[in-house]
Amino acid sequence: MNVTTQDFEKLFEESVKQKALNPGQLVKGRVVKVLRDYVLLDIGFKSEGQIPIEEFRNLDGDITVKAEDEVDVIFESVEDDNGLVVISKEKADALAAWDKLSQAEQDGTPIEGLVVNKIKGGMVVNVGGVKAFLPGSQIDLKPVKSLDKLVGKKYRFRILKLNRAKGNVVVSRRSVLEQERESAKHELLAHLQEGQVVEGVVKNITDYGAFVDLGGVDGLIHITDMSWGRIGHPSEMFQVGQKINVLILRYDAASQKISLGYKQLVSDPWEAVKDTYVPGTRVKGKVVNITDYGAFIELESGVEGLVHISEMSWTKKVKHPSKIVNLGDVIDSVVLDVDAPSRRISLGMKQIEPNPWEELEGKYTAGTKIKGEIKNITDFGIFVGIDDSIDGLVHISDISWTTKVKHPSDLYKKGDMVEAVVLNIDKGNERISLGIKQLEEDPFAKACNQYSVGTVTSGTIKQIEGNLLILDLGSDVEASVMLKDAVAEGVKVGDKFEAEVSGHDEKERRILLSYKQYLKNSQKRDFADFKAKQGESRVTLADMMKKE
């Protein structure tokens, strides 16, 4: 083999160069070829170097090299078992990365990194080819429930601790987020104005409202500003982490308190209520709330009307609205009244059907006799069924002319059939007054005719009531006479007593008697009788008195 002078010089240069490189030295290589699994590089040796293709992928997984590119690598040894020079791009990248990390630590500048995997206490992050530790407390502004979802994602980090000698790097993503939040907060507050619509993220939900992160500063949507309609709890409308648009209602720069509105982003439905819900209009709605006094009906989102308990039935005595309707029921009703400024709509359910009281008024006139079943007994009277669940009341005072009824249950029981007379129909108050005693003639009225003023009558002393003598005249008729007027001693219950009628006590239903008047008129009657028997006798009243 003939070796020329030129060839010899080239071999000599390569030999000198190979002897000049030391393991661990940084050199430049030229990309010869990019293959599927590795990249061939020429660093000026007699043989080429081979580096795995994975060392040329960026954080996005893309190949970042092509033929003829110059690449920094670390020289490790002259040749391996395959006769190839041993070089490493990964170590060269790490060397450059350490310089970059050191500079970032000094400047406090954030750097980009790829979350590789999770480990005990935190996660491993690739920052420019160097593996760094990300503590769990430094991952986010708030605890992260699932770390797995962060693996394979790129974020910006700040260097907390760096020890190049030990190869130890600790990074923080939270520090970067705090700085970003603070910057966003100042930017937001500088341009924040009432009436402005901004985007935010629901941060927390309480019983009284929802806190929204507007980008470094929180605002509160009070439950009353969430919807024009009824909501029981803010969680019915929002979820933590939900992105929403809100309206700035009030902003206090001194305290940095922000009141937000959500319902204000749409028009108030009550503005059109007066034109939509005209009294007399039949409407349909859902029962959304039940109270002791009625049921609230949702007519549309944000508009409710009240069916008062008195407007639920023409005939039933509704004790509680829940006996008629249930939550969630869809019912028909009629608009009775609209007060838009007060946001009130009065509805009626019974108005869907004809008013039976109007028909009843024409059917049962005063004096009409009816027969019905006793539906209920109270202290003040009995309720008698008349027609289609309509009950009439026989007041305790209209049960008997003569018997003083202490309680209706002493004479009747529920379910008894009784006859009565219609006394009055009050359509406005939905009441029918009935009477049982009116089936018969009032014995006291009859007695008043029988015992006219001046009539002399007698009866048996029934009882002594204070300064009164109570007499039984028979036929359930009582009379009373003043005890001091009786001018009698030793009178007792059971004695016969005669006196003159002086009047009638309609309240106590008694004939009033006077013994004094009886004596005075008795003498006149005796004298008149005497004169009638003696004819034209000259005997005077004085003579008659002496004779006696």
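These legends accompany close-up views of a predicted model.

**View 1. A positive surface patch that includes Lys 145.** Four lysines, Lys 142, Lys 145, Lys 149 and Lys 153, form a positive patch on the surface. Lys 145 sits in the loop that runs between strand 8 (130-135) and strand 9 (154-163). The relative accessible area of Lys 145 is 88%, so the residue is classed as exposed. For orientation against another part of the chain, Lys 145 and Gln 50 are 95 residues apart in sequence, and their C-alpha atoms are 43 Å apart in space.

**View 2. A nonpolar surface patch that includes Leu 265.** Val 197, Leu 265 and Val 266 make a nonpolar patch on the surface, with an area of about 250 Å². Leu 265 is placed in the loop between strand 15 (257-261) and helix 4 (273-276). Its relative accessibility is 38%, and Leu 265 therefore counts as partly exposed.

**View 3. The backbone at Glu 68.** Most residues other than glycine have a negative phi. Glu 68 is not a glycine, yet its phi is positive, at about 80°. The residue belongs to the loop between strand 3 (49-52) and strand 4 (70-77). Glu 68 counts as exposed because its relative accessibility is 53%, and the cut-off for that class is over 50%.

**View 4. Arg 509, its backbone and its salt bridge to Asp 442.** Arg 509 is another residue other than glycine with a positive phi, here near 55°. Arg 509 lies in the loop between strand 29 (496-505) and strand 30 (510-514). With a relative accessibility of 25%, Arg 509 counts as partly exposed. The side chain of Arg 509 meets that of Asp 442 in a salt bridge, with an N to O distance of 2.2 Å. This pair links distant parts of the chain, 67 residues apart, and Asp 442 is in the loop between strand 25 (431-435) and helix 6 (443-450). Asp 442 has a relative accessible area of 15%, so Asp 442 is buried.

**View 5. The salt bridge between Arg 230 and Glu 304.** The count of salt bridges comes to 26. One of them joins Arg 230 to Glu 304, and the closest N and O atoms of the pair are 2.7 Å apart. The two residues are 74 positions apart and link distant parts of the chain: Arg 230 is in the loop between strand 13 (218-222) and strand 14 (243-252), while Glu 304 is in strand 18 (residues 303-308). Arg 230 is partly exposed, at 39% relative accessibility. Glu 304 is buried, with a relative accessible area of 14%.

**View 6. Arg 510 and Glu 478 in a salt-bridge network.** Arg 510 and Glu 478 meet through their side chains in a salt bridge, 3.3 Å from N to O. Because Arg 510 is in strand 30 and Glu 478 in strand 28 (residues 477-482), the pair ties together parts of the chain that are 32 residues apart in sequence. Arg 510 has a relative accessible area of 7% and is buried. Lys 462, Glu 465, Glu 478 and Arg 510 are joined into one network by salt bridges that share partners.

**View 7. The surroundings of Thr 457.** Thr 457 is located in strand 26 (residues 456-465). Its relative accessibility is 10%, so Thr 457 counts as buried. The contacts of Thr 457, apart from its neighbours within four places in sequence, are Tyr 451, Leu 473, Phe 497, Glu 498, Ala 499, Val 501 and Leu 513.

**View 8. The surroundings of Glu 500.** Glu 500 is part of strand 29. The residue counts as buried because its relative accessibility is 6%, and the cut-off for burial is under 20%. Residues up to four places away in sequence are not counted in what follows: Glu 500 touches Gly 454, Thr 455 and Val 456, and also Leu 512, Leu 513, Ser 514, Gln 517, Tyr 518, Asn 521 and Arg 525. Leu 513 is among the residues that Glu 500 touches, and Leu 513 is also among the contacts of Thr 457 in View 7.

Technical notes:
Residues are numbered from 1 along each chain as its sequence is written. This is a predicted model: local features need pLDDT of at least 70, side-chain atom pairs count only at pLDDT 80 or more; totals for chains, interfaces and linings use all residues. Side-chain values use heavy atoms; hydrogens and water are left out. Patches are made of residues with over 30% relative accessible area and no salt bridge: like charges are joined within 9 Å, nonpolar side chains (Val, Leu, Ile, Met, Phe, Trp, Tyr) within 5 Å. Accessible areas come from the Shrake-Rupley method with a 1.4 Å probe; for residues, only the protein chains shown count as cover. Lys and Arg count as positive and Asp and Glu as negative; His and the chain ends are not counted. The place of a charge is taken as NZ of Lys, CZ of Arg, CG of Asp or CD of Glu. Helices (H or I, at least four residues) and strands (E, at least two) are DSSP runs, numbered from the N terminus. Buried means under 20% relative accessible area, exposed over 50%, partly exposed in between (1.4 Å probe, protein chains only). Contact means heavy atoms within 4.5 Å.
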